[in-house]
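Notebook open, coffee poured. I wanted to look up the charged side-chain pairs here, and then one serine.

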Amino acid sequence: MLIHLSQFSSQSIQDQIVSQIRARILSGELAANEPLTSIRTLANTLRIGVTTVQRAYDRLTQEE
């Protein structure tokens, strides 16, 4: 899954992840029940902390 993060964005990293995944689901690019990239894999790919990705995924899960 391709996610673009910007250090210059007014959104936090966590918010950027949530909004981009949400946008992909709403556009149909990601199916609602399609599994997401693992937390560790996404964190390593984006070079951010595992906790940040975990919190973003938790927020998305709570929105269901």
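Entry 1, terms and ground rules. I call a residue buried under 20% relative accessible area, exposed over 50%, and partly exposed in between (1.4 Å probe, protein chains only). This is a predicted model, so I kept in mind that local features need pLDDT of at least 70, that side-chain atom pairs count only at pLDDT 80 or more, and that totals for chains, interfaces and linings use all residues. Residues are numbered from 1 along each chain as its sequence is written, and side-chain values use heavy atoms, with hydrogens and water left out.

Entry 2, salt bridges. How many salt bridges does the structure hold? I found three, taking a salt bridge as a side-chain nitrogen of Lys or Arg within 4 Å of a carboxyl oxygen of Asp or Glu.

Entry 3, Arg59 and Asp15. I looked up this pair and found a salt bridge between the side chains, at 2.5 Å from N to O. It links distant parts of the chain, with Arg59 in helix H3 (residues 50-62) and Asp15 in helix H1 (residues 13-27), 44 residues apart. For the helices I used DSSP runs (H or I, at least four residues), numbered from the N terminus. I then checked accessibility: Asp15 counts as partly exposed because its value is 26%, and Arg59 counts as partly exposed at 29%.

Entry 4, Glu63 and Arg22. Here the closest N and O atoms of the salt bridge are 2.6 Å apart. This pair also links distant parts of the chain: Glu63 sits in the segment after H3, Arg22 in helix H1, and their positions lie 41 residues apart in the numbering. I noted 43% relative accessibility for Glu63, so Glu63 counts as partly exposed. Arg22, at 31%, counts as partly exposed.

Entry 5, Arg24 and Glu29. Their side chains meet in a salt bridge at 3.2 Å, N to O. Which partner is buried, and which exposed? I read 15% relative accessible area for Arg24, which is therefore buried, while Glu29 has 55% and is exposed.

Entry 6, Ser9. I moved on to the segment before H1, where Ser9 lies. With a relative accessible area of 29%, Ser9 is partly exposed. What does the side chain of Ser9 reach? I found the backbone nitrogen of Gln11, at 3.0 Å. Finally, I checked Ser9 against Ala32: the two are 23 residues apart along the chain, and their C-alpha atoms are separated by 27 Å.

How values were computed: Helix = DSSP H or I, 4+ residues; strand = E, 2+ residues; numbered from the N terminus. Polar contact = N/O pair within 3.5 Å; in protein donor to acceptor, adjacent residues only side chain to side chain.
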